[in-house]
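Colleague: Could you walk me through this model? I'd like to go from the overall picture down to single residues.

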Amino acid sequence: MTRANIRKKPNTTKNAWLAKIFSFSFFKSQGKKKHTVQKRRALGKFQYSSLIAGILLALFVLMAALLSTYQWATSTEFFALSKILLTGEKHLSYGEVLAAGQIEHHANSFALNISAAQARLAQHPWIKSVALRRELPNTLIIDIEEKQPVYWAVRGHTLYYCDEFAQYIAPVTPNNFASLPVLDISDDLQEKIYQLPEIRRILQGNTIDIPAFALASIQINSARTVQCFLDQDNLMLQFSLDNYKKHLKQIKQVILNLQQRGELSRARSISAGDNRVWVKNAKYLRSQ
C-alpha cells in the first residue's frame, strides 16, 4: 500500500472537544444577551411605572391646588357682590329682578351660578331675553329686555297684559298699571294673530293716522271679522282679518272723503267688504 493511498483518519476526539467548547461559548453568550435584555426590560418597566406615578402625583397636587384656590375664591369677601347693575327694566322693579334670579347683594361672585340665575330670570313672564355677566372683583351686570305690552285682554276673571301678537304676558296690577286698548279675541282664534302688528301700524301710522290713545278696543270674532272702536270719535271700523290691507285702504279713502265734506263726526261705523264700504251715521245708513 502506497503512502498516497493511505487516508489520514480524522481526529474525532479533538473535534468533539472543539464542538463542546464552541457550543458552551455560544450558549453562554446567548444567556448573557438574554439576561441583559431582561434587565433592560425590567429597568424600562420600572422607569415607566415611575413616570406614571410622577404624573399622577403631579395631577393630584395640581387638583388639590385648584380645589384650594376654588374654595378660597368662593368664600373670600374680596369677590363679594357689592355692585349689581340692572339695565332694560320698565315694568319690573330692581328688587323683583333680583328675587326672580335669586341673586343677593354681597354674595360671592364665583359662588353664583350664572347659568342657573339666567335660566330663572328667563322664566319670568315679563322677561323676553336676559344676559348676566361678571366684572371682577365685585360687580354683576344684568341686561334684560322686557316684553312690550300692547293690549289688555280678559282671561277668566283676570285682566292681563298682551303683546302685539295677542299672547298673554302677566296680570294687570296697581303697581304696573298702564292704560291700553282692550283686545277681545274669539276662543276659536287662540293662535298668534300675526296680522295685528301691521293692523296697528296702519291704523296709527300715516295711512289713517289715528292717535294711539284713540284706539279703545279691538275685537276679532270667530268669522275673522275685526272691529276697532275709536273712543275719541265714537267710531267703529269693521273689516276682514284675511283681507285687512285692502279693506283698510278703502276705509281710509272713505274717511278722507267724509273729512273733506265735514261729515266724519256724524259717522258711527265704517265697514268694508265685498268691494264696498258702508257708513253708518248717527241718523241714517248710507253706502259709499
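What follows is a set of questions and answers on this structure.

Colleague: Before we start, what kind of model is this, and how are residues numbered?

Modeller: It's a predicted model, where local features need pLDDT of at least 70 and side-chain atom pairs count only at pLDDT 80 or more, while totals for chains, interfaces and linings use all residues. Side-chain values use heavy atoms, with hydrogens and water left out, and residues are numbered from 1 along each chain as its sequence is written.

Colleague: How many helices and strands does the protein have?

Modeller: Helices (H or I, at least four residues) and strands (E, at least two) are DSSP runs, numbered from the N terminus. On that basis the protein comes to five helices and 13 strands.

Colleague: What share of the residues is buried?

Modeller: Buried means under 20% relative accessible area, exposed over 50%, and partly exposed in between, with a 1.4 Å probe and protein chains only. Out of 288 residues, the buried share is 30%.

Colleague: And how much of the accessible surface belongs to carbon and sulfur atoms?

Modeller: Areas here come from the Shrake-Rupley method with a 1.4 Å probe, and for residues only the protein chains shown count as cover. The accessible surface is about 19300 Å², and the carbon and sulfur part is 56%.

Colleague: Which helix gives the most to the largest nonpolar core?

Modeller: A nonpolar core is a set of buried Ala, Val, Leu, Ile, Met, Phe, Trp, Tyr and Cys residues joined through side-chain atoms within 4.5 Å. The largest one has 38 residues, and Leu-203, Ile-218, Ile-220, Leu-237 and Ile-270 touch the most other members. With six residues, the top contributor to this core is helix α5 (residues 244–261).

Colleague: How many residues are in the other core, the one with Trp-126?

Modeller: That core lies apart from the largest one, and its members include Val-97, Trp-126, Tyr-161 and Ala-170. Its residue count is 23.

Colleague: Back in α5, which residues does Ile-255 touch?

Modeller: Ile-255 sits in helix α5 and is buried, at a relative accessible area of 9%. Its C-alpha is 8.5 Å from that of Ile-270, with the two positions 15 residues apart in sequence. Counting a contact as heavy atoms within 4.5 Å, and leaving out residues up to four places away in sequence, Ile-255 touches Ile-208, Leu-237, Leu-264 and Ile-270.

Colleague: Gln-250 is in α5 as well, so is that residue buried or exposed?

Modeller: Gln-250 is found in helix α5, and beyond residues up to four places away it touches Ala-272, Asn-275, Arg-276 and Val-277. Its relative accessibility is 15%, so Gln-250 counts as buried.

Colleague: How do α2 and α3 lie relative to each other?

Modeller: Two packed helices are described by the angle between their axes and the distance between the axes. Axes are lines fitted to C-alpha atoms, for helices over the stretch in contact, and angles run from 0 to 180 degrees between N-to-C directions. For helix α2 (residues 94–101) and helix α3 (residues 114–122), the axes come within 7 Å and cross at roughly 120°. Angles under 35 degrees count as roughly parallel, over 145 as roughly antiparallel, 65 to 115 as roughly perpendicular and the rest as oblique, so α2 and α3 are oblique.

Colleague: Which residues of α3 meet α2?

Modeller: On the α2 side the residues are Val-97, Ala-100 and Gly-101. Their partners in α3 are Ala-117, Arg-120 and Leu-121.

Colleague: What is phi of His-106?

Modeller: His-106 is in the loop between α2 and α3 and is exposed, with a relative accessible area of 60%. Leaving aside neighbours within four places in sequence, His-106 contacts Ala-80, Leu-81 and Ser-82. Its phi is a positive value in a residue other than glycine, near 70°.

Colleague: Where is Asn-234, which has a positive phi too?

Modeller: Phi of Asn-234 is near 50°, and the residue counts as partly exposed at 38% relative accessibility. Its place is the loop between β9 (225–230) and β10 (235–240).

Colleague: Last one: which peptide bond is cis, with omega near 15°?

Modeller: Look at the loop between β2 (127–135) and β3 (139–146), where Pro-137 is placed. The cis bond runs from Leu-136 to Pro-137.
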